[in-house]
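User: Hi, can you walk me through the holes and the greasy surface in this one? Let's start with the inside.

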Amino acid sequence: MATKLYIDGDWIDGDSEPFDSYDPAEGRVFEQVSQASSQQVDEAVAAARAAFGSSAWRDLLPVQRAALLFRLADLIDQHAEELAALETRDQGQPLEISRTVSVRGAAEHFRYYAGWVTKIEGSTSPVSFPDTLHYTRKEPIGVNALITPWNFPLMILAWKLAPALATGNTVVIKPSEVTSLSSVRLVELAAQAGFPAGVVNLVTGGGETGALLSAHRDVDHLSYTGSTAVGKLITKASAESNLKRLTLELGGKAPSIIAADADIDAAVAGNLAGGLLNSGQVCAAYTRFYVDKRREQEFVEKLARGVSTMVLGAGLDPSSQLGPLVSEKHLNHVQRLVEVGRAEGAELVTGGRVADREGYFFQPTVFAGVQDSMTVVHEEIFGPVLSVLSYDGPDELESLIARANDTEYGLAATVWTKDIATAQRLANGIRAGAVFVNMPPIPDMAAPWGGYKASGWGREMGPQAIDAYTETKAVWLNYGY
């Protein structure tokens with residue numbers, strides 16, 4: 001039996017043909033997911049609109065709204081092992097990643113934004129009018145569509161849903177058709193927590209379901225995480241419908257710069273963590289490594305040695321360090337780009353092949369001798385593929401910054417050095433939404449997240465997410481009338 005949609009407080013079957021959800025470690029179907037019809041998408045949006053104006057939601061005191069978010073966080077903790085196993089089975093990530101990054105991260109997001117509910121404030125302004133008080137109010141935007149990706153479906157839904165609810169909005173959730181199951185379970189827990197009917201709605205389906213939400217005239221704000229190509233389609237649909245507000249977290253091609261003075265062992269360990277987390281299926285994954293020529297050979301040798309010892313396996317196997325890619329389609333995409341890299345002259349140091357086992361596994365891959373013009377440097381691979389380039393030393397700092405910035409993306413970057421001046425100059429010069437120094441690219445709910453250029457619009461997480469889900473209203477009160 002397929003999963004159900006959740007609309008206006010009721011669990012219902014999708015009107016369209018259900019679709020299959022695969023276990024990527026086995027390459028087999030293990031669940032069916034309902035597919036919403038266009039009419040059901042309309043019904044979900046209408047339910048969210050009605051709930052937004054209802055006293056059951058609108059008139060909740062801030063402490064009452066915060067209590068609902070705290071309750072949902074507690075329910076996530078209570079069902080942590082179930083959620084982690086479901087995330088691993090559906091997405092493929094190792095179980096320890098599901099536990100610590102996905103499930104624990106989701107609960108922490110709800111607690112963080114529950115704390116914000118009672119602290120959303122306006123301000124007064126010293127306007128130059130006599131006998132006039134000017135102040136601002138932060139008000140919820142209205143109906144929000146939340147479209148989430150397949151790489152961290154539970155955590156990324158949490159980092160959208162938590163601030164949306166904290167600020168008094170209502171939502172329609174559309175998870176990736178590749179990994180819908182943990183989102184369905186989270187919505188079940190939200191219903192159990194006691195959110196009023198219509199506040200949280202869920203429509204599962206493919207790209208056409210997302211397109212309906214993107215073009216919907218009664219959606220006030222859409223938050224999307226996924227590919228830049230789809231982000232452009234969403235932008236066009238919004239412009240042609242109602243100019244809904246957009247928050248877009250899109251692709252990435254993060255550079256990692258390794259200075260001559262870097263602790264190479266620490267840099268290798270950190271870059272393996274930052275480049276191969278979730279088998280490289282991370283928008284901020286470190287993918288192109290610019291290494292000082294004096295340390296290049298040592299770095300390549302140690303990086304390849306580290307990669308070759310990593311254990312591929314099903315995410316539910318506790319010995320696994322790298323799980324499968326999410327689908328056969330994505331496996332073919334990664335394989336094609338690795339073949340392009342070899343054809344363009346990159347030196348394959350290790351890996352480079354589909355693993356000889358069931359499921360969608362690809363060997364972690366290291367390329368050396370990579371040139372800036374190569375496809376593997378510019379195109380987002382979203383897999384376990386690490387490309388090493390070199391530079392001539394500190395005298396090349398300005399040109400190195402230019403090389404790091406020579407991409408359409410600007411989501412994340414990293415610098416590995418013991419010199420604070422080098423770190424600061426590179427961090428200032430790199431055009432990316434987040435620059436990490438001597439650490440992997442793990443976001444935190446208290447810090448803003450988003451990108452420059454084709455990596456997206458706006459910021460999620462941190463106090464900035466409160467702004468993303470609110471409108472600022474100015475009130476002018478003339479008391480001398």
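Analyst: Sure. Lining the second largest cavity are G252, K253, G280, V282, C283, A285, T287, E380, I381, F382 and G383. A cavity here is a set of points on a 1 Å grid over the protein atoms alone where a 1.4 Å probe fits but cannot get out, and lining residues have an atom within 4 Å of a point. This is a predicted model: local features need pLDDT of at least 70, side-chain atom pairs count only at pLDDT 80 or more, and totals for chains, interfaces and linings use all residues. Residues are numbered from 1 along each chain as its sequence is written, and side-chain values use heavy atoms, with hydrogens and water left out.

User: How much space lies in the second largest cavity?

Analyst: About 40 Å³, counted as the space filled by probe spheres set on the points, which are joined across faces, edges and corners.

User: And how many cavities of 30 Å³ or more are there?

Analyst: Three. The largest has a volume of about 70 Å³. Of its 16 lining residues, P255, Y409, G410, L411 and A412 are the closest to the centre.

User: Which strands supply at least two residues of that lining?

Analyst: Strand 12 (254-258) and strand 17 (409-410) each do; strands are DSSP runs of E, at least two residues, numbered from the N terminus.

User: OK, outside now. Which residues make the nonpolar surface patch?

Analyst: L133, L477 and Y479, with about 300 Å². Patch residues have over 30% relative accessible area and no salt bridge (a side-chain nitrogen of Lys or Arg within 4 Å of a carboxyl oxygen of Asp or Glu), and nonpolar side chains (Val, Leu, Ile, Met, Phe, Trp, Tyr) are joined within 5 Å. Areas come from the Shrake-Rupley method with a 1.4 Å probe, and only the protein chains shown count as cover.

User: Where is L477?

Analyst: In strand 22 (residues 470-478).

Methods
1 Å grid on protein atoms, 1.4 Å probe; cavity = no way out; pocket = protein on both sides within 12 Å on 5 of 7 lines; lining within 4 Å. Helix = DSSP H or I, 4+ residues; strand = E, 2+ residues; numbered from the N terminus. Patch = residues over 30% accessible without salt bridge, like charges linked within 9 Å, V, L, I, M, F, W, Y side chains within 5 Å.
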